[in-house]
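Reader: I would like a close look at one part of this structure and at what it touches. Please explain each term as you use it.

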Amino acid sequence: MIKCLALLSVSFILGMWTGELLGTWLGINPNVGGVTMGWLWGYRDAISLCTIGAGALTYIVGPVTGGALGASSEVIALSIGTGVVKTIAVTIFTPILASKIGLNNPSAAMAFGGIMGTSSGVAAGLAATDPKLVPYGAVTATFYTGLGCLICPSIFYLLLDWAI
């Protein structure tokens with residue numbers, strides 16, 4: 001089990017973290033990175049790809065989407081793992097990169113929370129950076145999670161089903 005988590009973590013950090021940053025720069029949703037990783041892992045059906053892509057948003061959106069669409073427990077577990085690795089990556093890299101990206105005021109914290117989206121990762125990373133910024137980042141990250149829970153099992157699934 002530890003070996004599986006290590007493989008998932010490495011593939012996520014190499015694929016998803018860079019995909020998340022590039023996706024953010026290009027205006028592409030992180031779901032695309034999650035779907036790409038799901039495709040590389042061998043999943044070809046819209047339900048599995050949508051669930052793994054939703055897990056790339058947050059570890060909450062993945063199981064909500066998987067439950068709504070009837071995904072297998074294996075796919076839901078992968079979506080949770082993907083979201084947890086994203087949360088850990090955001091937690092670790094936020095204090096390291098905060099000064100380089102100008103994360104030092106409430107407006108920047110709100111933008112950061114809305115871009116990264118993982119509530120716990122954003123809150124932990126901002127707490128390590130500057131505790132006064134946590135509420136600002138957490139509020140937009142929470143909206144990101146809620147919006148993901150609404151959009152992924154409906155619109156995102158329909159788009160994926162149509163594309164595949």
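**Helix 3 and its neighbours**

Author: Ser48, Thr51, Ile52, Gly55, Ala56 and Leu57 in helix 3 meet Val75, Ile76, Leu78, Ser79, Thr82, Gly83 and Lys86 in helix 5; contact means heavy atoms within 4.5 Å. By class, this contact of helix 3 with helix 5 holds six nonpolar, six polar and one charged residues. Ala, Val, Leu, Ile, Met, Phe, Trp, Tyr, Cys and Pro count as nonpolar, Asp, Glu, Lys and Arg as charged, and the others, including Gly, as polar.

The model is predicted, and local features need pLDDT of at least 70, side-chain atom pairs count only at pLDDT 80 or more, while totals for chains, interfaces and linings use all residues. Residues are numbered from 1 along each chain as its sequence is written, and side-chain values use heavy atoms, with hydrogens and water left out.

Helices (H or I, at least four residues) and strands (E, at least two) are DSSP runs, numbered from the N terminus. The protein has eight helices and zero strands.

Helix 3 covers residues 46-57 and helix 5 residues 73-101; their axes come within 7 Å and cross at roughly 20°. Axes are lines fitted to C-alpha atoms, for helices over the stretch in contact, and angles run from 0 to 180 degrees between N-to-C directions. The angle therefore makes helix 3 roughly parallel to helix 5: under 35 degrees counts as roughly parallel, over 145 as roughly antiparallel, 65 to 115 as roughly perpendicular and the rest as oblique. The crossing of helix 3 with helix 5 is right-handed, that is, the near helix is turned clockwise from the far one by less than a right angle, whereas anticlockwise would be left-handed.

Helix 3 also packs against helix 8 (residues 134-163), at about 155° and with axes 10 Å apart. The two helices are therefore roughly antiparallel. From helix 3, Ala46, Ile47, Leu49, Cys50, Ala54 and Leu57 take part, and from helix 8, Tyr144, Gly148, Cys152, Phe156, Tyr157, Leu160 and Asp161. These residues divide into eleven nonpolar, one polar and one charged. Helix 3 passes helix 8 in a right-handed crossing.

One further residue belongs here. Thr65 lies in helix 4 (residues 61-69). Neighbours within four places in sequence aside, Thr65 is in contact with Cys50, Thr51, Ala54, Cys152 and Pro153. Thr65 counts as buried because its relative accessibility is 0%; buried means under 20% relative accessible area, exposed over 50%, partly exposed in between (1.4 Å probe, protein chains only).
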